[in-house]
Amino acid sequence: MKNVNKFLEQLWQGLAYLLVFALPLQTHYLISTRTLAGADWEFGRIMLYAVDILLIITVISGLMLKKINLKTGTKFDYLLIALMVISAISVGVASDKLLAFYSLSRLSLALALVILITKTKLDQKIIIAMIIATASIQAVWGLGQFLTQSTVANKWLGLANHDPRLAGTSVVEAIGPDGYGERWLRAYGGLSHPNVLGGLLAISLILALWLLVNKTTDPKNNISRDWLWLIVIALLSAGLFVTFSRTALLAALLGTIILVVSQLKNWRKLLVALVTIGLTIGICSWHYGYLYQSRLEISSRLETKSTNERMDLMTQAWDLIKAKPLTGAGLANFGIAAWQDDEIKKDVFAYQPVHNLFLLIAAEGGLVLLIIFVALLIIAIKSSWHDRDRAFKLALIAVLVSLMIFDHYLYTQALGVYLLWLVLAIVIKIDKIENN
């Protein structure tokens with residue numbers, strides 16, 4: 001019986017680590033698509049992901065095996081409960097209650113992931129290794145897409161074809177060395193958008209840097225592992241480059257600066273890691289650096305269009321907050337509310353979530369929900385301040401906040417929601433990250 005219990009425990013642990021590795025998997029079943037102005041609306045899709053099922057199985061089996069300790073008592077736990085209560089209330093005020101309930105279900109699954117990470121004895125080093133491993137695969141995938149300027153569609157993996165010649169595909173427009181205009185496909189990997197891939201790679205780069213710099217090294221046995229980590233860091237850096245995600249690059253830079261400032265005692269390893277990143281970005285820039293010129297020029301056609309759209313969305317967000325400061329428009333109902341309030345109806349693609357997670361939370365769930373969410377972030381920061389791993393945790397929070405200020409996918413996309421709460425769970429987990 002003892003051997004059986006041990007086998008079941010190991011099987012469950014393997015399932016939990018597999019779950020973290022499989023988070024970017026886009027395999028899903030489309031339950032329904034909501035329409036807006038008579039057209040299919042991208043942000044009105046209700047989908048069941050294979051990862052959702054895997055998460056449910058993992059949590060239920062963990063409860064049955066008594067591997068999950070559901071004792072509450074921390075401020076973080078109580079705030080999570082409050083977050084769920086206020087979110088549930090916002091479902092009642094939503095115009096599309098089914099869509100709002102779907103968003104609440106997604107949040108519930110994400111908080112189940114938090115419980116899985118924080119209320120069990122899963123090895124945090126392995127969890128982080130799984131994130132880095134799956135991100136490395138996505139980086140290689142994205143590099144292949146960029147170099148070949150093509151993608152492959154596969155319904156079983158939830159992959160769509162992205163043709164750089166067609167409108168709606170995320171591209172970079174630039175004037176090539178020969179003086180002709182060019183359209184270059186941004187790297188998607190196996191994800192829904194290059195910005196989502198960029199966010200995953202930015203977080204994973206900080207994780208990889210930390211593990212390389214802070215693990216103890218036996219010169220006889222671990223030199224090869226150091227080279228392996230440097231190869232991983234190079235892949236993550238190159239993959240991040242070809243996403244052309246300015247927000248992800250900024251987030252990665254901010255997180256790296258925090259690590260550099262706090263880890264000067266490990267300057268040798270740090271220097272090698274930074275040189276690796278510098279050489280990787282330098283090689284990429286030598287061939288494709290001119291493509292970033294248009295990304296940094298606000299006057300370019302695509303950037304002007306993007307800036308104007310974001311400003312319009314921010315205006316709509318403020319209008320919704322002022323109209324319904326306590327209840328908001330309802331979870332996942334930002335686009336619907338914006339369309340209802342818009343006197344001059346625009347194309348359906350214009351009604352997307354505002355590219356600022358804090359404004360989006362306030363507009364959809366009300367100011368109380370925003371206050372609770374910010375309080376969760378503050379507790380995560382406070383709990384990390386006197387931790388010996390505080391630089392690592394503060395760097396992760398800095399990356400998250402950077403991504404949240406300039407985009408919405410950590411709140412609206414399945415992987416984004418899981419990624420946000422997974423990182424917060426890693427930050428507030430009681431167990432410390434030990435050296436290898």
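Strands S1 (residues 28-36) and S2 (residues 39-49) run antiparallel to each other and pair over seven bridges. Keep in mind as you look around that this is a predicted model. Below are a few notes on that strand pair, on the packing of helices H6 and H8, and on the covered helix H13.

**The S1-S2 hairpin**
- Two residues separate S1 from S2, and the pair forms a hairpin.
- In the turn you will find Ala37, with a positive phi of about 60°.
- One of the pairings to look at is Leu30, whose bridge partner in S2 is Met47.

**Helices H6 and H8**
- H6 spans residues 194-214 and H8 spans residues 246-262; their axes lie 8 Å apart at an angle of about 15°.
- Angles under 35 degrees count as roughly parallel, and H6 and H8 are therefore roughly parallel to each other.
- The two helices, H6 and H8, make a right-handed crossing.
- On the H6 side, the contact is made by Gly198, Gly199, Ala202, Leu205, Ile206, Leu209 and Trp210.
- H8 contributes Ala248, Ala252, Gly255, Thr256 and Leu259 to this contact.

**Helix H13 and its ends**
- H13 (residues 357-365) is mostly covered, with nine of its nine residues buried.
- Among these buried residues are Leu357, Phe358, Leu359, Leu360 and Ile361, and also Glu364.
- At the N-terminal end of H13, Asn356 acts as a cap: one of its side-chain oxygens lies 3.0 Å from the backbone nitrogen of Phe358.
- After H13 comes Gly366, which has a positive phi near 95°.

Terms used. Residues are numbered from 1 along each chain as its sequence is written. This is a predicted model: local features need pLDDT of at least 70, side-chain atom pairs count only at pLDDT 80 or more; totals for chains, interfaces and linings use all residues. Side-chain values use heavy atoms; hydrogens and water are left out. Buried means under 20% relative accessible area, exposed over 50%, partly exposed in between (1.4 Å probe, protein chains only). Helices (H or I, at least four residues) and strands (E, at least two) are DSSP runs, numbered from the N terminus. A polar contact is a pair of N or O atoms within 3.5 Å; within protein, one must be able to donate a hydrogen and the other to accept it, and residues adjacent in sequence count only if both atoms are side-chain atoms. Two strands pair if DSSP finds at least two bridges between them. Axes are lines fitted to C-alpha atoms, for helices over the stretch in contact, and angles run from 0 to 180 degrees between N-to-C directions. Angles under 35 degrees count as roughly parallel, over 145 as roughly antiparallel, 65 to 115 as roughly perpendicular and the rest as oblique. A crossing is left-handed if the near helix is turned anticlockwise from the far one by less than a right angle, and right-handed if clockwise. Contact means heavy atoms within 4.5 Å.
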